Amino acid sequence: MFVLKNVGKLLFGSNSQESMIELPQGQLYLVRPLSPKGYSELIFKDAAIRIRRTGQDFQYQLVVQRVYEEGEAELLAEEEGEDAEIDALAAERDEKTFLLDEAIHFRIERRNRAESVLAWKDLSGDVGDLYEFVCDPSTQSAQLDAFERIAKQCQYERKYRKAHTTASDADLRQFDFDDDEQPIPQASPIHSPLHSPILARSIESADAMFQLKNDTNIASVADHAPAARESEELEQQLQQEEPTTSLRPSHPKAPPSAPPQPEPVEILSHELAELHFFDFPSGSFVQRDASVAAQVSDIGGWNYWLHVASKENEWLGIPVVADMNPVFNFEFLSFIFNQFTEDGSAYSWLLRFRDQDTLARFQEGLMQALWEQLNEQKWSKVKDRERQYVLDAFEDLKMDDAPIAEEEEEEEEEERDETDDDRPRSEHYDSEEEEEDVETQPQDDDINSGLAVGYKHDRSFVVRGSKIGVFKHHPNNHLEFSTNISKVETPKGELFSPKKVMLHNEDRNMILQKDNDPHKLYRMDLEYGKVVDEWNVHEDIPVLEFAPENKFAQMTHEPTFLGVSKNALFRVDPRLSGAKLVDSQLKQYASKNDFSALSTTEKGYIAVASNKGDIRLFDRLGINAKTHIPALGEPIIGLDVSADGRWVLATCRTYLLLIDAMQKSGKNEGKLGFEKSFAADSKPQPRRLTLTPEHVAQFHYETGQGVSFTPARFNTSQTTEESSIITATGPYIIDWNLKKVLRGAKAPYIIKRYTENVKADDFKFGSDQNVIVALPNEVNMIGKNKLSRPTRESIAGDFGLGTPRRSSGRVGTRQSGRYKLGKDDVVDSPY
């Protein structure tokens, strides 16, 4: 049995230095075949080799670490004592690191007798000196293939300063150095004392080294397996899991045939590019054609078409719509997008252009098409300033004030106890509950539809038809079912299902709205579990959305709150007699702005969004907006603002929009767009947050659903700044890391898949580590450590076949450990 002496550093190191792949067993030699010394040196008798990220983008290390036999590390520590300098030298002695650059000519050679060697140049030594890692015979060929592929990808990223996902097979073949180098010489056999490195005569001289060339090359060809395999497939192969029957068909391996192309009315853009196709089995983009023509055209009736073809092939033709999920990356000279076919399949494509000017011309044409399709308005009528704002939003760029890329201290994952359970519990939770007690189907026709999370008290409220379930928050990501408000009805006794809810007055009250009566609101006293007031807001002005007077107003006794109609923003004061709308604080527009959402900051600044896609920023009610943020096209269905007003977060169906409201220059430098208007030559900086097109394609493949986000929210706290964004689409919860978003990281999010679509989600107040999730028939609180990076496994979901999942069940009695709301749940007394 072997142990790593520095295992703590590996397990609890920052995410920026995580291990990407590892070969756990072998020996490290320094071989000097052409040196007059004529010997090789055994560095580590037992070692592990890995590829590790660094704190800098596109920089990776090759790391070899000594492995100790059990008890050897403690014995050596006793011999060395506790001197700090000695400890530091010992740590350096136990680990060798090398920058993974093409200059070291990293390569792998497979030999006879199941021997495999990893070799690379010793750049600090003499000519011909190289390090050799001789793998243990138990090392499988698939492990070597994956290690070699990842090493090539890392060298590609370092050389070109861009992600390897845009690299073709030909691009990676430049890091094959077998033809440029002599065969790897044999290292010395192991016959050294345990603690002292030894010098041993190499069994092959420099002359004999050349005689090995033919044999080693033949062995390499015979043993070399295909390199384009997913690391997840490798893990499955190595773990030798028992085969299971999959309900999903294999991923599509080839692009679909192009449909007939419509006749263009006007050509908006026509450029040459390389065409790459996202290959599901390999998990990367592969080149399909070195030269294609990409054309965007107007085909009439506010419909637009993207056509990609070469002289030999008609590759694809698709309508230009928001669902294509367009992403432009000027650093990589690329445009990535999705294609959805009539049979429900989803594909991801990449066009790579020769220079930035070409990409800019293509972007202009495609954005014109997308804008006109969404707005049914000519792009030429858009002001230059707003047009540039739209183009910036669709670029894959970093924010101006992005934090410097440094080693982030990744939150230590909470230890997962085998008995840990994120399901809701009743007061009578019993961990020994029998499987027969679990009912896996709901007992009523309603489903969970809304969620309100308490700020003042640790409670969550879930709307289910005309009922409201109350859940208490507990440590270790547990929800305890507290009670059920079984009948939501007006003071006149009319039963109704709340359309919208908002906690109010120190979480003692809840403001409710009926679906069919937008002119009235209702106040429920949560201490008694009944509606006690009916408010007529205004006879002519409906309430479409309402929000607290400020970010944390629900924690106070503040009686007033804000509301919007299609074309008005106003305050509601329940203390007024008659109509509750405050006339002196009404801002009404002559034209319909189609307002759809609003949110407030800690100081009470107000952000209002619309179905047109634009956003207005106010410092107070009753006046014109200080800042007007242009629309990108899609309706905004949700809005949130950071407590300090720096960040505005808007939710559209297929993307989120993160806007920096801080002014960076001019006379109002340092002021928020809420406080002062942006100068004529300045504008807010947008950041469009999307799932990567390849993930969208995989999501669609697994679920048959397109992207449709729930309203996104920041984590909320009175003591810490916002650090995460939570939303959901279909059965997936998605958590964006704000620092990584601002830094421009690729796919800066983690996910968790459920068996059913997520209906509502929000962070627990005061934390970015706990998320409350409402499914159709289940309510959970999960820790962030239950979310993972989007891989083929996490996207597919870890669901067994056969027995229904216990966490998805509904329980029919209050004594059950997984109690869910049922049609017979009645509260007869206050709780």
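**Cores, strand β43 and two residues with positive phi**

Of the 831 residues in the protein, 56% are buried. The model is a predicted one. The protein contains 13 helices and 44 strands. Among contacts between residues at least 6 apart in sequence, 60% join residues at least 24 apart. The accessible surface of the protein amounts to about 37,500 Å², and carbon and sulfur atoms account for 45% of this surface.

In soluble globular proteins, nonpolar side chains tend to be buried together. The largest nonpolar core in the model comprises 56 residues. Within this core, the residues with the most contacts are L306, F335, L351, F362 and I615. Helix α9, spanning residues 356–375, gives the most to the core, with 7 residues. When residues up to four places away in sequence are not counted, F362 touches S269, E271, A294, V296, L306, F328, F335, L351 and F353. A second core, separate from the largest one, has 28 residues; V64, F98, F106 and A146 are included in it.

Strand β43 covers residues 770–775, and 6 of its 6 residues are buried, so the strand is largely enclosed by the rest of the structure. Both of its faces are covered. On one side lie the buried residues N770, I772 and A774, and on the other the buried residues V771, V773 and L775.

Strand β43 pairs with β42 and with β44. Strand β42 (residues 760–763) runs antiparallel to β43 and is joined to it by 4 bridges. In this pairing, D762 stands opposite I772 of β43. The hairpin of β42 and β43 has 6 residues between the strands, and G766 in this hairpin takes a positive phi near 85°. Strand β44 (residues 778–783) is also antiparallel to β43, with 6 bridges between the two. The bridge partner of N770 in β44 is G783. The hairpin that joins β43 to β44 does so through 2 residues.

Positive phi values also occur in residues other than glycine. H105 has a phi near 50° and is located in the loop between β5 (95–99) and β6 (107–110). The relative accessible area of H105 is 16%, under the 20% limit, and therefore H105 is classed as buried. N505 has a phi near 55°, likewise a positive value in a residue other than glycine. N505 lies in the loop between β22 (498–504) and β23 (509–514). Its relative accessibility is 18%, so N505 counts as buried by the 20% cut-off.

Key
Residues are numbered from 1 along each chain as its sequence is written. This is a predicted model: local features need pLDDT of at least 70, side-chain atom pairs count only at pLDDT 80 or more; totals for chains, interfaces and linings use all residues. Side-chain values use heavy atoms; hydrogens and water are left out. A nonpolar core is a set of buried Ala, Val, Leu, Ile, Met, Phe, Trp, Tyr and Cys residues joined through side-chain atoms within 4.5 Å. Buried means under 20% relative accessible area, exposed over 50%, partly exposed in between (1.4 Å probe, protein chains only). Contact means heavy atoms within 4.5 Å. Accessible areas come from the Shrake-Rupley method with a 1.4 Å probe; for residues, only the protein chains shown count as cover. Two strands pair if DSSP finds at least two bridges between them.
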